[in-house]
Structure formats: structure tokens, C-alpha cells
Amino acid sequence: MMASLALKIPSHQTELDLPQADDVHINDPAPIMRAADETIELASMTFGFPPTGPKGGPVFNFRSEGRQLGNSNRCLVLASAFFEFTGTKYPKAKHRFTLNGSPFMTIAGLWREAFGNKPPTFTMLTTDPGPDVAPYHNRQVVVLQPENWAAWINLTKPEAELLRPLPAGSLSVETVRPESA
């Protein structure tokens, strides 16, 4: 698949290098793909940029609208699904979104180098919700179609063209935990 998209991968890496996890939480390691010289490499990074202040939390979702990301370290976050939550009572209802016709998806992300004794980290970009997510949440992660993977890594298309929701019917949703009564 990577070859068909004109993305070169290092010969020492395969899909077997991808870790398996049912859920990835903030501060967990997770797989990303990033530019490395003339190839795209798999790397494991910690989910969430560190807090920017003493009272802040990790930045795990980063609003994409109106930003110039040409000088940023861009990556593709690999996932089989993403989750949104609804309701007011804990635990909230949990909804799992998958990309139709594909066993996995990539989410537009940014990554940062290791700092001090902290590992390298990544965050996911968000945008306004598309028609599949809007009934569940007022934001959504930016899921990239395979034909846009290289364009995001190399930023060969305008950000506004890449960082937008998918068309209606692109994502399937399954409620995996109903709202508490």
C-alpha cells in the first residue's frame, strides 16, 4: 500500500512493527509515521504534548483551523478507530468510529522531539465535525484518505484542503458502551 502511494518505507520495517492495543490513552505510547530523510518511518511516541504551564494538561487534540503548519513536524497517527463520548452521566456513552472499507485509518498529527527526560510526543489535529460525527460531537479528528498521506507529510497541498472532515458515509459508528442510566 505504501509503495502504491509513492511513500518509501525503510526496508527494516513492516506492519509487524505496529503495536496492538484496544485503546490508546493520553501518555500511552502509540504508532505514528513520519518523514525520515527520503523515507517514511514507523515510530512509537507518547500520545499528548506535555502541558505548557503548571496547571495545564497534556495537549492531545490540536485545533487545525487557521494555522500555518508548514514549519511543524507532521505525522500520520495510525489507528483502527477513534472514539467520541456522549451524555452527561459517568460513564458516558462511548462510540467507536471506523473508516469504511479499511481495517485502519490515519489521523493528521504533529510530533515533537524528546525534551529533557521526556520521550518524543504527538498530538492529533481536529476540525469541525463531518456529517458522520456531528450527531455525536462538535469536533472531530482529521482522518486522511490514503491519497492525502504524502501530501500531509510533505505538505504539497494547502492545509485547508487536507484538514477537513470526510464526506458523509465515510465513517461507520458503533456504540460500544451505552450511557449510564
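D132 is a bit of an oddity in this predicted model: the residue is buried yet takes part in no salt bridge. The nearest side chain of opposite charge belongs to R164, and that is 13 Å away. As for where D132 sits, the residue is found in the loop between β8 and β9 (140–141).

What does the side chain of D132 reach instead? One partner is the backbone nitrogen of G169, at 2.9 Å. Another is the backbone nitrogen of S170, which lies 3.0 Å from a polar atom of the D132 side chain. With neighbours within four places in sequence left aside, the contacts of D132 are F97, P167, A168, G169, S170 and L171.

Two of those names, F97 and L171, come up again around F82. Beyond four places in sequence, F82 is in contact with H95, R96, F97, M105, V133, V141, V143 and L171. F82 also belongs to the largest nonpolar core, which has 21 residues. Along with I107, F122 and V143, F82 is among the residues with the most contacts inside that core. Strands supply much of the story here: β1 (29–36), β2 (39–47), β4 (74–79), β6 (93–99), β7 (105–112) and β8 (121–127) each give two or more residues to the core. Apart from this core lies another one, made up of 18 residues, including L78, L110, I153 and L163.

Stepping back to the whole chain, there are two helices and eleven strands. Read along the sequence, they come in the order β-β-β-β-β-β-β-β-β-β-α-α-β, so to speak a run of strands, then the helices, then a strand to finish. Of the 181 residues in the chain, 39% are buried. Among contacts with a separation of 6 or more, 67% are between residues 24 or more positions apart.

How enclosed is β1? Six of its eight residues are buried, so this strand is largely enclosed by the rest of the structure. On one pairing, β1 and β2 run antiparallel and are joined by eight bridges. The two strands form a hairpin with two residues between them, and A36 has T39 in β2 as its bridge partner. In the turn, D37 has a positive phi of about 60°. β1 also pairs with β4, again in the antiparallel sense, over three bridges. In that pairing, M33 stands opposite L76 of β4.

Further along the hairpin, T46 has its place in strand β2. The relative accessibility of T46 is 14%, so this residue counts as buried. Not counting residues up to four places away in sequence, T46 touches N27, D28 and P29, as well as P119, P120, T121 and F122. The last of these, F122, is one of the residues with the most contacts inside the largest nonpolar core.

Is F115, in the loop between β7 and β8, buried or exposed? Its relative accessibility is 68%, so F115 counts as exposed. F115 and P50 are 65 residues apart along the chain, and their C-alpha atoms are separated by 9.6 Å.

Methods
Residues are numbered from 1 along each chain as its sequence is written. This is a predicted model: local features need pLDDT of at least 70, side-chain atom pairs count only at pLDDT 80 or more; totals for chains, interfaces and linings use all residues. Side-chain values use heavy atoms; hydrogens and water are left out. A nonpolar core is a set of buried Ala, Val, Leu, Ile, Met, Phe, Trp, Tyr and Cys residues joined through side-chain atoms within 4.5 Å. Buried means under 20% relative accessible area, exposed over 50%, partly exposed in between (1.4 Å probe, protein chains only). Helices (H or I, at least four residues) and strands (E, at least two) are DSSP runs, numbered from the N terminus. Contact means heavy atoms within 4.5 Å. Lys and Arg count as positive and Asp and Glu as negative; His and the chain ends are not counted. A salt bridge is a side-chain nitrogen of Lys or Arg within 4 Å of a carboxyl oxygen of Asp or Glu. A polar contact is a pair of N or O atoms within 3.5 Å; within protein, one must be able to donate a hydrogen and the other to accept it, and residues adjacent in sequence count only if both atoms are side-chain atoms. Two strands pair if DSSP finds at least two bridges between them.
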